[in-house]
Amino acid sequence: MPARSIEQVRNLCKRRGFVFPGSAAYGGLGSFWDYGPLGVEMLGNVKRAWWRDVVYKRDDVEGLDAAILMSRKVWQHSGHEATFSDPLVDNKKTGKRYRLDHLLEAQPQRVLGELLAHINFASMPLTKLVNIAPQSVGDVDYTMNPLGAIGHLAAMLIESRMHHVSTDRLVRWLAPILVVYPERELAINKAGVIDPSTQEVGEWTNPRNFNLMFQTHIGPVVRAAGSEEELAARAYLRPETAQGIFMNFAHVQRSLARKVPFGIAQVGKAFRNEITPGNFIFRTREFEQMEIEFFIKPPQFVREGEKNDAQWHDEWIKQRYEWWMGLGIDEARLRKREQSADELAHYSKRTVDLEYLFPEFGWGEVEGIANRTDYDLSAHSRDIPAEDLARLKLEPNADSVEKFDYFDPDAKARYIPWVIEPSAGATRAMLAFLCEAYHEELTKEPPTAEVDAIKAEIPAVIKNAQKKQKDAEKEADSAQRKHDPAAIEAFCAALEEAAARLPQSLLEIDALLSEHSGAQNLEPVKKLQPKVNKLAEDCARVVLKLHPALAPIKLAVFPLKKNKPELVDIARRIAQTYQPHFRTVYDDSAGIGRLYRRQDEVGTPWCVTVDFQTLEDNTVTVRERDSMQQQRISLEALREHFFTRLHV
Ligand code: GAP
């Protein structure tokens, strides 16, 4: 079974050097993470596996590494400066800040109904509403009629109140409406919106939009924000790598004499000042993306037998889905989700998200595959015909000196190519692969008598914990409490549930007893924990069943005895042979059993042990991580053994 909680993965990542909290010596910095020795290897492997698949294995994709900082005009014409924002709101009582859509999602239906009742749609400024108009409402297409869409939507919401609208759809509309509605502060407060952190009605500020791009300046700036000098020097840390690709479309096409269709791939850092980052490295403010912009013929130039935009889109969805599966994601936890018309980004004709079923918080997007049409290349081009500007809802671009069009020698015509964009998160992918690979399992059947003894002690542990919980609840002054009653309650529930699954749950119970906050300072816990820990060490293991291509360490080499120089010499020589090719480690710091466990925990697919038989016949033991099977292989055959299995 894959990881049950993000906490399990986070603990392992910290304990074994994958991911550490950033700036920890100064108390950390909101959701920034440092990638340790094993993390940097694994993240590098994720990116390499992607690059191999989308660049090396294809004939029609080139690579690129564009600068993180680009002209501010890029972000003005891409639409990010005006619209790349999330709505936020603060509770004046608690000081808590929320993304408005997340806050609304956490409300009971009753409160959303109240909110609807307090919005007077008829009084809303239609000019503002045009920007948030959906492309369709129900079955009606409103692409060319935004005011009609708003009218239909408002009527539907007012008439049906909640009946025909699911909560998430309703929230998608209410959040942007609440940011422009003149009486929004009144409405949100009259509706009695609840603060999820206290479960009490909050006292809310005006909901407002917050741009997610981090600002910086090129060169020294002495004048105030918004001054001419400040605006001229202002730059943004890129919130997506895609725009760097659009900027280089013509460079790549001309310098490599590429014919459409072809793609440009880029891996790199992106930054978003997320209002609510979280779930470990799932949503962070600094992250890495792996993006392809695949340039294709516009529909009117597609000839018989060639793929059109819809077919290219489907092809990329299939290819990308297979990449995730090929690296070990089970199909039960990977799905394609079609974005509804009202979810689509302003540039997208159709987007399909690939989602992974994460532990605890459920389905989360790991990649989006969008049909961006000719939106972006047109947005950055001068001299775009008026009818195309109207179709794409773009303003003429007087800043650009380029026209990103392409002469098609087959069609003997110039056109702006369309774009299919598969866009994945590298750091988010690493979390998905870690969750999928994490397993706790028995390595051998633990002695029944010892399991029974643990089972027999658990009711007493729970009874004692519940007594401490009651005592703590009686303590009027919470600052004086020795124990946290809520934490004890959670601990007891988890322990009871895990006890029913013994012996499979040995490691889980070990972690509960040693790490759960509700288990602290309880005497019976202190007595039971060493027994559980010993049995878990003897009979169970944590193993990361990572695809070998993703594993941070590919090979670990051990001498059976560290005080036998003849064994140590051979083991060191084997390690040195493979070190130039892939991450290989030599270790003699513990007994073989413990060394295997340590490597299992970080996902090392192969361990080689040099023993006395090696001195006789030049063979070593190769132990395979998942099956734990061992086979003897001659030193000469090792190279082929590893290289064929590492091939992706
Ligand atoms: N160029 C299109 C684009 O950037 P997106 O859906 O905003 O689309 C693409 O982002 C991918 O980047 C997501 O599927 C996700 O894997 C990753 N991503 C986005 N925001 C992220 C964040 N705050 N932290 C980690 N990964 C993120």
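**Exercise 1. Find how many salt bridges the predicted model holds, then examine the pair K349 and D309.**

Solution.
1. The count for this predicted model comes to 56 salt bridges.
2. One of them joins the side chains of K349 and D309, with N and O 2.7 Å apart.
3. This pair links distant parts of the chain, 40 residues apart: K349 sits in the loop between β16 (334-338) and β17 (350-358), and D309 belongs to helix α14 (residues 309-326).
4. Buried means under 20% relative accessible area. D309 has 4% relative accessibility, so D309 counts as buried.
5. K349 has a relative accessible area of 46% and is therefore partly exposed.

**Exercise 2. Determine where in the chain the salt bridge partners D388 and R391 lie, and classify each by accessibility.**

Solution.
1. The closest N and O atoms of D388 and R391 are 3.1 Å apart.
2. Both residues are in helix α16 (residues 386-392). Because they are three residues apart there, about one helical turn separates them.
3. D388, at 24% relative accessibility, is partly exposed.
4. R391 is also partly exposed, at 39%.

**Exercise 3. Decide whether R625 and D626 are each buried or partly exposed, then name the residues of a salt bridge network.**

Solution.
1. A salt bridge connects the side chains of R625 and D626, at 2.6 Å from N to O.
2. The relative accessibility of R625 is 3%, so R625 counts as buried.
3. D626 reaches 30% and therefore counts as partly exposed.
4. Elsewhere, salt bridges with shared partners join K259, K297, R303, E306, D408 and D410 into one network.

**Exercise 4. Describe the surroundings of the ligand: the nearest residues, their polar atoms, and the elements that supply the shell.**

Solution.
1. There are 21 residues around the ligand, and E240, R272, E274, E291 and E365 come nearest.
2. Two of these glutamates have a polar side-chain atom by a ligand nitrogen atom: for E240 the distance is 2.6 Å, and for E291 the distance is 2.5 Å.
3. R272 has a side-chain N or O atom 2.8 Å from an oxygen atom of the ligand.
4. Taken alone, the ligand exposes 550 Å², of which the protein buries 90%.
5. Two or more residues of the shell come from each of β15 (286-296), β18 (362-373) and β21 (418-425). The most come from β18, which gives five residues.
6. Sorted by class, the shell holds ten charged, six nonpolar and five polar residues.

Methods
Residues are numbered from 1 along each chain as its sequence is written. This is a predicted model: local features need pLDDT of at least 70, side-chain atom pairs count only at pLDDT 80 or more; totals for chains, interfaces and linings use all residues. Side-chain values use heavy atoms; hydrogens and water are left out. A residue is near a molecule or strand if one of its heavy atoms lies within 4 Å of it. A polar contact is a pair of N or O atoms within 3.5 Å; within protein, one must be able to donate a hydrogen and the other to accept it, and residues adjacent in sequence count only if both atoms are side-chain atoms. Accessible areas come from the Shrake-Rupley method with a 1.4 Å probe; for residues, only the protein chains shown count as cover. Helices (H or I, at least four residues) and strands (E, at least two) are DSSP runs, numbered from the N terminus. Ala, Val, Leu, Ile, Met, Phe, Trp, Tyr, Cys and Pro count as nonpolar, Asp, Glu, Lys and Arg as charged, and the others, Gly among them, as polar. A salt bridge is a side-chain nitrogen of Lys or Arg within 4 Å of a carboxyl oxygen of Asp or Glu. Buried means under 20% relative accessible area, exposed over 50%, partly exposed in between (1.4 Å probe, protein chains only).
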